[in-house]
Every structure is written in structure tokens, then in C-alpha cells.
Amino acid sequence: MTPLPWKRMAPTGPQTPAFEDLAIPLVPSLYNLAFWLSRNAADAEDLVQESFLKALRGFASFEPGSNFKAWIFRILRNTYLTSVTGLARTRTVALEDEMSEGGDAGYPEAAIDRQTPEMNLLVLSDRAAIEAAMEKLAAPLLEVILLCDVEEMKYKEIATILEIPIGTVMSRIARGRAALRELLTAEPTQKGVRG
Amino acid sequence: MSEHLSSLQLNALVDGELAREQLAIVQEHLTECAACTSEALAQSLLKAATKKAGLRFTPTDALEVRLAAVVRREAGADRRTAREDGGRAWISFVGVAAALLLVVGIGGMALWGRHQAGVNLALANRAALETEAIDQHIATLAANTEPQVISTDRHTVKPWFQGKLPFSFNLPENLPADTKLEGADLTYIHGQPAALLIYSIGKHRVSVFVMQRAVETAVPVKLSDHTGFHVIGFITRDLNAIAVSDVDPGRLAGLVGMIFQAQSGVDLPTK
């Protein structure tokens, strides 16, 4: 069996950092993702707390020096998927995701609407419009965008967290960004639809 | 490269995911293709905009304090478990010694010893449970955070636990004078999920932990004192409860008695 990526990396030394030292600084990032996924503060807090407990109880299996952020994000994401909200949301989008993904073939080039940067500058300065567009993204596309753009994770880390091939990560990023551009240019005046 | 860059290449470019040789090819193409340069800029701007907009939700300070308390609480539980393991080893040693005595012929004495070891183990577990309950009570007071469900209505508090706990329990309809239900939290105690019911008696806060009855802790709790806190509990056929407060012991016992009565329909035994 191939060990998980965070286990493949060699420990840096005998010193084991405390769970609190590694996890507490990640609370803002975890909460931000949890809120985007669950769409409300109470569920996001529950999700973060439950993930924290799971991570804490499984911390003995975490190897010091490996990627703690990817490890705890994966726990949060799996916790979300098994929550009532997560189950409902993933069931809704799973079919659409599978149909349009077509394996790792990538995104159809014809669907990309190339616009001028000047036009994007105007739209992209409207934060409320971007937030509204992100809210409309399907969960599988939104989570890759958040992990890639907001958390600045590498494709490999994202693939590990989401348990999907890197090709699927790339295809989802392409589709997510294309969908965002389409939403932003189609309805540039719809500011803060749900924000 | 004469064709335009693909969306995958453009995204990999702005995400810094191109290998060195791929990057060289892409950069060469960009020097001679205005359309792709414009597209790369657009993708880059979109990435920057989503990064900014994506950082949208900030946790409350209370959440961070609560999580830190959770970590401390769990760490305390681990330490206690380690101590219990040591206790079990010691008890096992006593068991072996008792078996030797049995060989010598003191059968009755050995049987008594085994029984006593079992009682000691249960008492040790119960003591650990009491300590953990007090720790959580103090941590909750120190954090000064609101309960997950805030309500004085038992018909709101009890249903809140539906789907959260693998058991159910009753809350008393009537409470002693000057006693109020403040709310509840879902918590973990002694490694199992529990309902933390929060009451106030006057200005004193009371934490009542209700959990599934477990064999290893199923020793009735009498009123006892630990570091200034009073602890009292009860067991029913299915439940195990423990209450912690610094309120007058008699008033604490009164509240616990009513919670016990709501479960079993009879008064809490005094012995």
C-alpha cells in the first residue's frame, strides 16, 4: 500500500511539536473554508471543532515534519462530507461533476471566453460580485479554487486533500475559473447577491 | 509553439505549477502572442481577486478560546488515561499476587482480593471521571463562552441533542427555587460523547454531564469535594451523570435529585 504523502516525508527530528502549536494558527484558514462549505457560522464552528477533535485524537498517527496543513484540511473536508449538509450538497453536484469532468481530459477550449484584461480589471475590482460568483460555484469547483487561490496550495497538496488525481485538480481549477469569468461577465452588475 | 496556450497551461502558469522546461516554452510563446499574454494576465488578475474575496470569513475569538480549551481538556484526558494504565498494571500485579496466595491455599482470600481489585479499578475510573468533569467545568468557566444551545426551555435543549448523541435523557420540568437551565453543550468526557447541561443556582454555575452508562465507571457517586468544588452524580439503568459546582452541597443535591427523578420517576437514593 502506498503511504499517504504526508507520511512519505521523513521526520525532521526527534522534536515533536505540540498539536496546539500546529493547529491553532490554522484556525482562521480552517474556519474560512468551513464557512464557505457549510454556508453558515454555526455549522462552520461545529465543523472546525469536530475536525479539531478528530485531528487531536489521531495526532499520534501524524508524522512530525510532514504536511500538517494538508493533513488537517483533509480531516476537515472529510468531516464536512460526512455531515448532513455535506452529504446533501455532494449528492446534488456529484452527477454533474462526473458527467462534465470526463476523466482528466481537461477543459474544452471552446468554452473559454477570452476577454481583455481591461474588462476584467473593472469586474475584478468588485469584491461583492466576486463573492457572489464564488457562492454560485458548485462545491467541487469552489473547494479547489479556495485551496489553490486562497490557501495557495500546490496541485499535489490539493489532490491529496481531496483524494483525487492531479489531472482532476487541474481540470476543476480550469472549470472553476472559467465558470467564475462567465458569471462575472454575464452579470457584472449583480453585486452581493447573497453576500 | 504556434497554437495558443491551453487553459490548463495558463492556469498552471499563474499557479506556478509549470516545470522549468514547460515554463521556458510557455514564456517563449508569450513573447510573440499578445492574445495569450492578455489571457495569462486575465487569469492572474482573477486569481488575485478570488484570493482576496475568498478570505471572507473570520472566526470569533470565542471559537479560538474554545478550541484551545478542547485541546487542553483532551491533553488532560490523555494524561489521566496514562495514569489509569499505570493503575491497571498495578492492579494486575495485585491480581497475580492474589493468585499466588490461592496456590498457597487461601482461596477465599484470593476471591476477595479479585473482587476488591475490580472495585478499586471502578473507583479509580470514577475518580478520573470526576477529575475530568471538574477540569471541564473550570475550563468552561474560564473561557466564559456561551453554550452551543442557549435556552431555559427544556423542550428546546433536549431536542438539540437529537442526532448528536447515541442516547436520550429527560430534563426535569420543575426546578428548585432560584435554579435555572441556561443551556447546553455537546462535549466529550472520559472518551465518550456527553450532554453538558448548564444550570445556574443563584449566581453559581452548575455543570451536569450526562453520558451513557459504562461498566468501568458505574459506581454511584456520593457527594464529594475536590479543590473547593462539590461533585455529585447518579446512575440509572442506561445513564451515568455527574454534576459539578461550588454552590451549597444541599442545593446541588436538590438539583441532581430532580434530574435523577426525571429519568427514573423515583427519588435519588440517599445511600
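## Terms and model

Helices, of at least four residues, and strands, of at least two, are runs assigned by DSSP and numbered from the N terminus. In this sense Glu163(A) belongs to a loop, the one that joins helix H10 (155–162) to H11 in chain A.

The structure is a predicted model, with an ipTM score of 0.78 and a pTM score of 0.53. For chain B the mean pLDDT is 80, and 76% of its residues reach 70 or more. Confidence varies along that chain, since among its elements H1(B) has the highest mean pLDDT, at 92, and H4(B) has the lowest, at 65.

## The two chains

Chain A has 11 helices and 0 strands, so that its pattern along the sequence reads α-α-α-α-α-α-α-α-α-α-α. Of its 195 residues, 39% count as buried. When contacts between residues at least 6 apart in sequence are considered, 77% of those in chain A join residues at least 24 apart.

Chain B contains 7 helices and 7 strands, and from the N terminus on its elements follow the order α-α-α-α-α-β-α-β-β-β-β-β-β-α. Its 271 residues include a buried share of 30%. Among its contacts between residues at least 6 apart in sequence, 61% link residues at least 24 apart.

## Where the chains meet

The contact between the chains involves 36 residues of chain B and 44 residues of chain A. On the side of chain B that touches chain A, helix H1 (7–14), H3 and helix H4 (61–104) each supply at least two residues, and H3(B) gives the most, with 15 residues. By class, the residues on this side of chain B are 18 nonpolar, 8 polar and 10 charged.

Helix H11 of chain A (residues 166–186) and helix H3 of chain B (residues 34–54) have axes that come within 11 Å and cross at roughly 85°. Angles of 65 to 115 degrees count as roughly perpendicular, and H11(A) and H3(B) are therefore roughly perpendicular to each other. The residues that meet are Arg177(A), Leu180(A) and Arg181(A) from H11(A), and Gln43(B), Leu46(B) and Thr50(B) from H3(B). This contact is made up of 2 nonpolar, 2 polar and 2 charged residues.

Arg181(A), which lies in H11 of chain A, is buried, because 22 other C-beta atoms lie within 10 Å and the cut-off for a buried residue is 20 or more. The C-alpha atom of Arg181(A) is 9.4 Å from that of Ile130(A), although the two residues are 51 residues apart along the chain.

## Helix H1 of chain B

H1(B) is mostly covered, with 7 of its 8 residues buried. Those buried residues are Ser7(B), Gln9(B), Leu10(B), Asn11(B), Ala12(B), Leu13(B) and Val14(B). What do the buried residues of H1(B) pack against? Their partners come from both chains, namely H11 of chain A, and helix H2 (20–32) and H3 of chain B. After H1(B) comes Gly16(B), which has a positive phi, near 65°.

## Nonpolar cores

The largest nonpolar core holds 68 residues, and the members that touch the most others are Ala34(A), Ile72(A), Leu76(A) and Ile158(A). H11(A) provides the largest share of this core, 9 residues. A second core, separate from it and made of 33 residues, includes Ala194(B), Leu196(B), Ile242(B) and Phe260(B).

Once neighbours within four places in sequence are left aside, Ala34(A) is in contact with Ala44(A), Leu47(A), Val48(A) and Leu76(A).

## Two loop residues with positive phi

Glu163(A), in the loop between H10 and H11 of chain A, has a positive phi of about 60° although it is not a glycine. Is Glu163(A) buried or exposed? Glu163(A) counts as exposed, because it has 12 C-beta neighbours inside 10 Å and the cut-off for exposed residues is 12 or fewer.

In chain B, Asp178(B) is likewise not a glycine, and its phi is positive, at about 65°. Asp178(B) sits in the loop between helix H6 (154–160) and strand E2 (179–189) of chain B, and with 12 C-beta neighbours inside 10 Å it counts as exposed.

Terms used. Residues numbered from 1 in each chain as written. Chains lettered and ligands numbered in written order. Predicted model: local features only at pLDDT ≥ 70, side-chain atom pairs only at ≥ 80, totals over all residues. Axes fitted to C-alpha atoms, helices over the stretch in contact; angles between N-to-C directions. Parallel < 35°, antiparallel > 145°, perpendicular 65-115°, else oblique. Contact = placed C-beta atoms within 7 Å. Nonpolar A, V, L, I, M, F, W, Y, C, P; charged D, E, K, R; others polar. Core = buried A, V, L, I, M, F, W, Y, C linked by C-beta atoms within 7 Å. pLDDT = per-residue confidence, 0-100.
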